[in-house]
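Colleague: I would like a close look at a single part of this structure, one of its sheets. Please take me through the strands and whatever lies against them.

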Amino acid sequence: MTTLPPHDHAYRRELGDGLVLRWATPADTEKIADLYGFVFRRTADEPLNIYLQHWTRELMAGTHPLIDLGDIAIVEDTTTGTIAASTCLLKQEWRYEEIAFPVGRPEIVASMPQYRQRGLIRAVFELIHARSDQRGDLAQGITGIPYYYRQFGYEFALDLHGDRFIPLANIPKLKEGEAEPYTMRAAEADDLPFIQELYAQESRRLCDGQPLAVASNVPADYWPFALASGERQSGEGLLLHVLTDAEGQRLAYAALVPLRWGEVIFVRSAWVAEGVNMRQILPSLLRGIQSVAAPRQIQKDKAPEASVIALAFGASHPFYQAAGGMIKNEDKPYAWYVRVADLPAFIRHIQPVLERRLAESPVVRGHSGELRISFYRGGLRMAFEQGRLTAVEPWKQGHNWEPGPMAAFPPLVFSHVLMGHRSIDELRIVYPDVWADDEGRPLIEALFPKRTSWVLSLE
């Protein structure tokens with residue numbers, strides 16, 4: 001048995017039958033690429049997924065802005081040299097309103113079929129969580145298949161994507177002889193400060209008059225990395241484009257998904273410069289997106305022609321209103337899995353936001369007292385003095401005559417309220433064991449109101 005902590009790069013643990021849990025090294029690159037290429041296929045007779053293989057090489061090159069060298073946990077079968085299971089740990093920064101917090105993102109979770117049902121992914125996640133905790137991440141987030149990651153302490157607790165679909169046929173065409181008033185071009189290095197500023201404005205936009213509950217910061221070193229997205233064989237990243245007027249003045253930007261897997265061109269982010277009329281420039285923006293994205297690389301030679309643009313900006317965005325009748329249909333948001341292992345630490349970190357929300361509430365501003373929340377197998381106690389948060393700690397009711405809970409949530413379900421994803425009333429529709437009394441409910445609703453979130457999944 002090793003005496004090293006699990007986050008240590010030299011950590012190794014025997015799992016039996018020649019299987020070893022450890023952190024990857026550059027020498028493992030091609031074997032991990034083979035694992036991902038084999039597993040991520042739609043049918044058994046398809047060739048290896050070359051895009052996942054290329055992405056693996058990019059992540060393990062030591063130059064990717066979202067991952068440190070060696071932040072990939074693996075299980076190796078030492079009897080054959082096969083990589084039986086693997087998961088990467090990306091790094092992102094999200095914001096709880098204005099408070100930034102570091103997030104670990106497990107990605108590309110896979111195990112070879114012959115090694116499944118043996119707890120290998122659970123072991124890999126133990127390493128991922130240990131490394132994430134050691135570097136100071138206050139939460140982990142993952143996009144993935146239904147149910148599976150609940151086994152490891154995750155809960156669907158944030159909106160993921162959310163699209164509005166505009167058929168190319170619905171985009172207004174230029175009249176005969178009319179020149180395009182605005183031009184779309186690929187972004188260059190000189191455009192990055194402009195794009196960074198517009199993305200910052202977009203991620204701080206108001207929805208229904210309120211700031212986004214949770215949004216994502218994009219690290220400064222990711223933007224130059226994104227400029228080369230079109231050259232990378234993995235198809236990961238963002239294709240950055242700028243819309244300009246006849247004088248070359250920048251008016252807007254758009255970030256597109258590099259690969260088109262079907263008839264849909266996905267746009268992940270877009271915003272306009274100050275003073276620019278969003279509705280006025282939108283037809284040119286959409287025509288520009290069509291011209292630069294339709295010929296992009298696709299999965300198969302016989303894939304359908306591009307016929308739709310998807311504005312994948314979440315549940316709410318001003319561009320949706322600007323597009324109006326051009327939108328044919330929509331996909332409601334899916335959800336991020338979120339894990340907050342140390343809830344008191346997270347709440348202490350976002351304390352300024354919570355105290356401000358309390359002060360803005362005409363119902364409970366200046367509150368003094370406690371908020372005791374039961375999670376049935378544990379709980380949380382928050383203490384306030386004249387509207388200031390003075391204590392946050394784990395809590396569990398003792399004797400029957402001691403003060404009891406003021407609200408209750410099944411394990412992990414409180415994550416929905418914490419992240420502004422669902423209200424108490426919405427949760428009660430599917431969880432009858434969610435409740436709050438007359439004292440606890442107004443406090444929870446003031447501290448953790450339901451609000452829209454928009455977290456960009458960088459790759």
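**The five-stranded sheet**

Modeller: In this predicted model, five strands make up an open sheet with mixed pairing, in the order S21-S20-S19-S22-S23. The edges are taken by strand S21, residues 388–394, and strand S23, residues 435–436. Each of these has a single partner strand, so one side of each is left without a neighbour in the sheet. Strands of a sheet pair through backbone hydrogen bonds, and the pairing can be parallel or antiparallel.

Take the S23 end of the order. Strand S22, which covers residues 407–408, is joined to S23 by two bridges, and these two strands run antiparallel. Across this pair, Ala408 stands opposite Trp435 in S23.

Two helices also belong in the picture. Helix H9, residues 351–360, lies across S21 and strand S20, the latter spanning residues 379–385. The direction of H9 makes about 125° with that of S21, the edge strand with S20 beside it in the order. Helix H12, residues 440–447, lies across S20, S22, S23 and strand S19, which spans residues 369–374. H12 runs at about 90° to S19. S20 therefore appears in the contacts of both helices: H9 lies across S20 and S21, while H12 lies across S19, S20, S22 and S23, with contact taken as heavy atoms within 4.5 Å.

To put the part together, read along the order from S21 to S23. S21 is an edge strand with H9 lying across it. At the other edge is S23, which pairs antiparallel with S22 and has H12 lying across it.

Definitions and conventions: Residues are numbered from 1 along each chain as its sequence is written. This is a predicted model: local features need pLDDT of at least 70, side-chain atom pairs count only at pLDDT 80 or more; totals for chains, interfaces and linings use all residues. Side-chain values use heavy atoms; hydrogens and water are left out. Two strands pair if DSSP finds at least two bridges between them. Helices (H or I, at least four residues) and strands (E, at least two) are DSSP runs, numbered from the N terminus. Axes are lines fitted to C-alpha atoms, for helices over the stretch in contact, and angles run from 0 to 180 degrees between N-to-C directions.
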